[in-house]
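Dear colleague,

Please find the structure below, handed over for your consideration. My notes on its nonpolar packing and aromatic contacts come after it.

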Amino acid sequence: MNAPLRRVGVVAMVLFGLLFANLNFVQWHKANDYRTSQYNGRVQVAEYDRQRGVIQVSGKPGAQSITTDDSLKFLRQYPYKAEFAHVIGYKPVNGEATGIEYIENEFLAGTSDQLFADRLRDLWSNEKTPGGNVVTTLSLRAQQTAYKELLNNASDAKVGSVVALDPTTGAVLTMVSTPSYDPNLLVSHDTKAANSAYDKLAADPSQPLLNRAVKETYAPGSIFKVIDSAAALERGYTMNTSIPAGSSYTAPGTTHAIKNAAPSICPEAQVTLIEALTESCNTGFAQLGVALGPQALADTAESFGFGDDSLRVGQLGKDNGMLVAPSQVGKLTTDSGGPDQPIIAQSAIGQADVRVTPMQAALMAATVANGGVQMRPYLVQQLLGPDLTPYDIASPRQLRTACTQGVAQSLQAMMISVVENGTGRKAQIDGYVVGGKTGTAQNAENAKDHGWFIGFAMKDGKPLVAVAVLLANAGSGGSGEAARIGGQVMKAVIADRGGK
């Protein structure tokens, strides 16, 4: 009997030990996670005892909390509704916050370590000091212009995105995605109604909850020719170097002929590099890509940020911002390791497996405008305490050097020629130097082409704003309409800054 009893006793002690270890794990190691979990009902109620801070856009509230008469003392409101939905986000009663509401959740809620002194004073005053305030980099005028233009564009596009950046700092001035939604419906204290509204949006095939600016990649079409041009310029070409062109090009190893968008586009056997970009010469850039080879294209794309799977957009110095989906070039070699010339030719004109986010597209234009230096994009300009005491202030940071200043200056001149003499004329702004590149990208079979525009505006040699516009499934004329929208958004940024 003693042996069986001893075994039972040992098992009981082991089980007790495991239970004790788990109890300590929960109480000490996981305590803070459980305490702050969005699914902790007590935390949810406690959050509403303190008024949440304001998210400011151009000095006006993009998100604020008002008092209520129910058990949750404050109701979150979003005055601009769908216009800022994806970038400001929302903070629901049940569920996880999104956008800036998520990025700066602790500061807005007043639970940040930076606001400890305010909470300490509350113990003596028996009051609940409001949470901190967030000052964004966003331009109200430009954001509203972008949203309006996407909704009322003259193409067939119902899906689109606009991103505008300050090339010299990386500040995000505009981030719009359509279709959008009204976040006020998702923060209702009637959780049944809020959940129903969310389920309806989640089931919508047009995916209005998706932030296409950073979460979705698309075939870039001819805007990728900026990467081709950079690769060539870095390897000894100049703007005036002649490259093979012609009305048709068939890469070795395939019977598929690449043609230009119209017979009038570079029918000559040779064109200069600047002429090829100005006219958007498919045959010229397909042959240029094959001549440069897979490594040159891949390396140049990487130097501009393609393949970066760790980029986040939020507050500088923090790693909790919006994660940007990595843009990609795709495989350019055969299984044996040699150059896959048919794929390279297609990739060089932004087709095959090349994919890009609107954020990455805007970074391409911003980098060219900023002399080859790519700045880290950010959304939070400053944090202010409840009494408007300044806390963190953004200090722009360099992300990478994509190309030499000389290459960037040549790219600027080439892109300026596109707007002044080529396919991007609709982006022109009186009194400012504007450069850009349009793009028409084929996508799914039987689906209409995407329309793209990337560009920048300068004054007295200083870059003011860079922009990327995507009109998905826009069809014929989509790239021209994207260029027009890009011009309008850049003009709004300039106006928001008093024309400077």
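The findings are set out below, beginning with the basis of the values.

This is a predicted model, in which local features need pLDDT of at least 70 and side-chain atom pairs count only at pLDDT 80 or more, while totals for chains, interfaces and linings use all residues. Residues are numbered from 1 along each chain as its sequence is written, and side-chain values use heavy atoms, with hydrogens and water left out.

The largest nonpolar core (buried Ala, Val, Leu, Ile, Met, Phe, Trp, Tyr and Cys residues joined through side-chain atoms within 4.5 Å; buried means under 20% relative accessible area, exposed over 50%, partly exposed in between, with a 1.4 Å probe and protein chains only) has 106 residues. Those touching the most other members include Val87, Met175 and Phe304. Helix α16 (residues 358–369; helices are DSSP runs of H or I, at least four residues, and strands of E, at least two, numbered from the N terminus) contributes the most to this core, with 9 residues. A separate core of 31 residues includes Leu173 and Val419.

There are 4 aromatic pairs (ring centres of Phe, Tyr or the six-membered ring of Trp within 6.5 Å; planes under 30 degrees apart are stacked, over 60 edge-to-face, the rest tilted). Tyr90 and Tyr181 pair edge-to-face, at 6.1 Å centre to centre and 90 degrees between the planes. They lie 91 residues apart in the chain; Tyr90 is buried at 8%, as is Tyr181 at 5%. Phe107 and Tyr391 are likewise edge-to-face, at 5.7 Å and 75 degrees.

Yours sincerely
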